[in-house]
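Work through the exercises below with the sequence and the model open. Each task is followed by a solution in steps.

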Amino acid sequence: MIKEGTIVLLMVLFCVPAPLFAVDMTGSSRTYFQGRESYDGDTYLPLFEYLDFSLNDFAKDEYSFHFGGWARRDLNNQKSFDERNANLDLQYAYVDLHRDTANTVVDFGRVPVYEGVASESVDGLYARSDFLHGFGAAAYGGVPVETDFDTRSSDRIFGARVYRRQPGLYQVGISYLKERNNGSDFRTEEGLDLHVHPMEKVEVFGRSTYNGETTGWMEHSYTVTYVPLDELRLIGEFDDVDYKNYFADVDTHTTGVFDMGLGVLDPDEKMLELGLRGEYTLRDDLVLTALLRNYNYSVTDNANYYGAGLTWQSEDEMGGGCSLYRMDGQSDARRYYEFRVYAFKKYDKADVTLDLFNVHYDASINGDSNAFSFSVVGGYALGENSRVSANIEYGDNPTYSTDLRLFVKYIHNFDISPVKMPKMKMPKLALSDIHLPAWTFPFPWKKDNGSADSGADDSTKEKTE
């Protein structure tokens, strides 16, 4: 919503104090260029620009301003962006007030919110603060930043999260979100999130989310990490998803991949994933990884995914890796091997990476049982804060007989800290310090030794200091 986003940005900028010459500015500019061909033979040449920056230390140390936005255009004038060859958007633009007292944060503008069940962009207000005995709370409200499927008329969103934490031991939160679209209830979500250290070498984190509109659990997702040895790390995974409850709100307003009405996703599908991943450091420059996952579906066929990989990185900034994984399901689409091998080398200002990825299916798909891609990536540091890289990828798969892609990236990080102007102190003037033309008075003006000239010198000296 560019119009609304521009209005929010202007409103926020008007709130920024005037003396910007004393502001510290840090940020990055990321420019991406792609070249690819679609399945129907059209050539796309999209150019992307992402700009992020923060203004710190203005007015008072507690205030800062944050901005993020992007623009893109197809240089071949292909209408690949929602039937347009160019578009842009404001991701966030907000003023932040952060005080050490009670870890208080207040943001207003176009604010990103990540609190429990909320992962939103809101045109409004966000606040968070700690209380006594480890308790704390966060709240937000405003107008949700929606996509182009609908207008923002009578749209509202608000929510809160209450948490309690004991540093080094646990943090547990309970959250709530309510969104209204065109004046009607659109989303209602409640959730529980936790991060627990029950033992020195054990860590548990995850969340459970409940859909208040469909009255069913959307997801339970948890990870347990156990480090029995300095060289060994074990990670257990648990993910339980109910598609009908998880994609209910998205399906209402999309006609793409998440539309259950098109048969892409079965609304009765449920997925339970159990996994175990291990990482073992054989030596300082060599790490072995192994993975086992079981996917259990209520509608489609089940599958197991397992394999291992080896990564190596030397002290002279070169390295590589290889891996072999197997997807072992009941249908032809879920029976294949994955193989990858890559190597990289860093020089003074340059770096080169070679990467080969191959998938071999047990049965042919569209007459082809093999899919592979090979890429060459080269990068060069133009300075301490700038880097350019290019990626050329060639592939062949059951969908594209020849798939050639180009990706060019330029990143520039900037940190501008202007010298603060000293406060100007006006010297106190005596009558004898004032220079007037000789014709002002009929008698000569008597000048004190060192009064006018020395006053100017002292003033200049004081300013210089």
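**Exercise 1: The chain as a whole**

Among contacts in the chain between residues at least 6 apart in sequence, 42% join residues at least 24 apart. This is a predicted model.

Task: State how many helices and strands the chain has, and what share of its residues counts as buried.

Solution.
- Step 1. Go through the secondary structure: the chain holds four helices and 23 strands.
- Step 2. Turn to burial: 32% of the 465 residues count as buried.
- Step 3. Add the surface: the accessible area of the chain is about 28,000 Å², and carbon and sulfur atoms account for 58% of that area.

**Exercise 2: A salt bridge between strands**

Task: Find which parts of the chain the salt bridge of Asp52 and Arg30 ties together.

Solution.
- Step 1. Check the distance. The side chains of Asp52 and Arg30 meet at 2.7 Å, N to O, and the cut-off for a salt bridge is 4 Å.
- Step 2. Place both residues. Asp52 belongs to strand E3 (residues 46-56) and Arg30 to strand E1 (residues 24-37), so the salt bridge ties together parts that are 22 residues apart in sequence.
- Step 3. Assign burial. Asp52 has 14% relative accessibility and counts as buried, whereas Arg30, at 25%, counts as partly exposed.
- Step 4. Set the pair in context: the whole structure contains 24 salt bridges.

**Exercise 3: A second bridge and a network**

Task: Describe the salt bridge of Asp130 and Arg165, then say which residues join Arg187 and Glu189 in one network.

Solution.
- Step 1. Asp130 and Arg165 form a salt bridge through their side chains, with 2.7 Å from N to O.
- Step 2. This pair links distant parts of the chain, with Asp130 in strand E7 (residues 118-130) and Arg165 in strand E9 (residues 156-166), 35 residues apart.
- Step 3. Arg165 is partly exposed, at 29% relative accessibility.
- Step 4. The side chains of Arg187 and Glu189 also meet in a salt bridge, at 3.3 Å from N to O. Both of these residues are buried.
- Step 5. Through salt bridges that share partners, Glu120 and Glu179 are joined with Arg187 and Glu189 into one network.
- Step 6. Glu189 sits in strand E11 (residues 184-199). Its relative accessible area is 6%, under the 20% limit, so Glu189 counts as buried.

**Exercise 4: Aromatic rings**

Task: Classify the ring pairs Tyr32 with Tyr50 and Tyr210 with Trp217.

Solution.
- Step 1. Count the aromatic pairs: there are eleven.
- Step 2. Take Tyr32 and Tyr50. Their centres are 5.8 Å apart and the angle between the planes is 50°, a tilted pair.
- Step 3. Locate the two rings: Tyr32 is in strand E1 and Tyr50 in strand E3, 18 residues apart. Tyr32 is buried at 16% relative accessibility, while Tyr50 is partly exposed at 22%.
- Step 4. Take Tyr210 and Trp217. The ring centres lie 5.2 Å apart with the planes at 75°, so this pair is edge-to-face. Tyr210 is partly exposed, with a relative accessible area of 23%, and Trp217 is partly exposed at 44%.
- Step 5. Look for clusters: ring pairs link Phe407 with Tyr32 and Tyr50.

**Exercise 5: Charges over rings**

Task: Which residue lies over the face of Phe135, and which over the face of Tyr347?

Solution.
- Step 1. Over Phe135 lies Arg164, at 5.1 Å from the ring centre.
- Step 2. Over Tyr347 lies Lys345, at 5.7 Å from the ring centre.

Technical notes: Residues numbered from 1 in each chain as written. Predicted model: local features only at pLDDT ≥ 70, side-chain atom pairs only at ≥ 80, totals over all residues. Heavy atoms only, no water. Helix = DSSP H or I, 4+ residues; strand = E, 2+ residues; numbered from the N terminus. Buried < 20%, exposed > 50% of the residue type's maximum accessible area, 1.4 Å probe, protein only. Contact = heavy atoms within 4.5 Å. Areas by Shrake-Rupley, 256 points an atom, 1.4 Å probe, with all protein chains shown as cover. Phe/Tyr/Trp six-rings, centres within 6.5 Å; stacked < 30°, edge-to-face > 60°. Lys NZ or Arg CZ within 6 Å of the ring centre and 35° of its normal.
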